[in-house]
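Please look through the structure below before reading on. The paragraphs after it go from single side chains to the chain as a whole.

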Amino acid sequence: MSSVFGKPRAGGGPQSAPLEVNLAILGRRGAGKSALTVKFLTRRFISEYDPNLEDTYSSEETVDHQPIHLRVMDTADLDTPRNCERYLNWAHAFLVVYSVDSRQSFEGSSSYLELLALHAKETQRGYPALLLGNKLDMAQYRQVTQAEGAALAGRFGCLFFEVSACLDFEHVQRVFHEAVREARRQLEKNSLARPLFISEERALHHQAPLTARHGLASCTFNALSTASLKEMPTVAQAKLVTVKSSRAQSKRKAPTLTLLKGFKIF
Ligand SMILES: Nc1nc2c(ncn2[C@@H]2O[C@H](COP(=O)(O)OP(=O)(O)OP(=O)(O)O)[C@@H](O)[C@H]2O)c(=O)[nH]1
């Protein structure tokens, strides 16, 4: 199967256009969303990022011999889900990240999983999510056991992995590719993939926003109706940066790449 902006076409094969998959990385500040994203895209661990910038990157990947045009949104919510429409209406799958050495970030990840479950219920569609316990290299300072992570993932029916943005690239890559597989399965399940739509200014006032009903701070999610939909041309509030595949990048001759959030990668 191949697709253009998430709309699948039949008859995909090695010669067809790459499948387009959008992944959003969610989680509390400091969980390691940017570090994981950068590790996946560049094979490198960069230790400091501007926490207030939100970017979307694109990368050409091959997953199970299928070309994938992957977009990754490294979100920058503050401490709770905020303005979630921008990723709820965009992503085909979600990586929800916490840090194994922070109980607070673990609790934060559960509010993201609740948000996704609610969104799935409201839209009556599946939204694959993977729960990631990051900073596995800090296991000696663990505040969250592996069993707790697995139990939380089990409660929401999602896959669970413990990873580290500063250890091996292959493990991080496997996790991102697993997210692509999940998204692909979901796209295949939907006879028509979820179209990329965003609501116009007119909210449907008869329906209370999620925040009122579920106490999710600042997350106003307006129900969509065909009368208030228009196609979303770009990712709202996010800068798109095109990144060649990590393999291609490592072969680049340029000594310095100014790539992510204004940080130079040497
Ligand atoms: N030891 C260790 N540190 C990590 C790991 N991943 C990220 N960090 C560090 O944790 C801090 C936060 O990482 P970020 O990637 O900025 O976290 P974030 O979730 O993007 O945070 P915001 O940008 O604030 O939303 C940084 O100092 C990183 O260097 C990891 O796997 N191991």
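Phe106 has a relative accessible area of 9%, so this residue counts as buried. The model is a predicted one. The ring of Phe106 pairs with that of Tyr98, and the arrangement is edge-to-face. The ring centres are 4.8 Å apart and the planes stand at 70° to each other. Because an angle over 60 degrees counts as edge-to-face, the pair falls in that class. Tyr98 is buried as well, at 0% relative accessibility. The count of aromatic pairs in the model comes to 3, including this one.

The cysteines come next. How many disulfides does the count come to? The count is 0. A disulfide needs two cysteine sulfur atoms within 2.5 Å. For the sulfur of Cys158, the closest cysteine sulfur belongs to Cys84 and lies 17 Å away, so this distance is too far for a bond. Is Cys158 buried or exposed? Cys158 is buried, with a relative accessibility of 14%. Cys166, in turn, has a relative accessible area of 32% and is partly exposed. The limit for buried is under 20%, so the value for Cys158 falls below it, while the value for Cys166 lies between that limit and the 50% above which a residue is exposed.

From side chains the path leads to the backbone and one pair of strands. Strand S4 covers residues 55-63, and 7 of its 9 residues are buried, which leaves the strand mostly covered. Which strand is joined to S4 by 9 bridges? The partner is strand S5, residues 66-74, and the two run antiparallel. One of the bridge partnerships links Asp55 with Asp74 in S5. Between S4 and S5 there are 2 residues, and the two strands form a hairpin. Asp64 sits in the turn of this hairpin and has a positive phi of about 55°.

The view can now widen to the whole protein chain. Its secondary structure consists of 7 helices and 13 strands, S4 and S5 being among the strands. The chain has 266 residues, and 50% of them count as buried. Phe106 and Tyr98 are among the buried residues. The accessible surface amounts to about 12600 Å², and carbon and sulfur atoms account for 52% of this area.

Contacts along the chain complete the picture. Taking contacts between residues at least 6 apart in sequence, 72% join residues that are at least 24 apart.

How values were computed:
Residues are numbered from 1 along each chain as its sequence is written. This is a predicted model: local features need pLDDT of at least 70, side-chain atom pairs count only at pLDDT 80 or more; totals for chains, interfaces and linings use all residues. Side-chain values use heavy atoms; hydrogens and water are left out. Helices (H or I, at least four residues) and strands (E, at least two) are DSSP runs, numbered from the N terminus. Buried means under 20% relative accessible area, exposed over 50%, partly exposed in between (1.4 Å probe, protein chains only). Contact means heavy atoms within 4.5 Å. Accessible areas come from the Shrake-Rupley method with a 1.4 Å probe; for residues, only the protein chains shown count as cover. Rings of Phe, Tyr and Trp (its six-membered ring) pair if their centres lie within 6.5 Å; planes under 30 degrees apart count as stacked, over 60 as edge-to-face and the rest as tilted. Two strands pair if DSSP finds at least two bridges between them.
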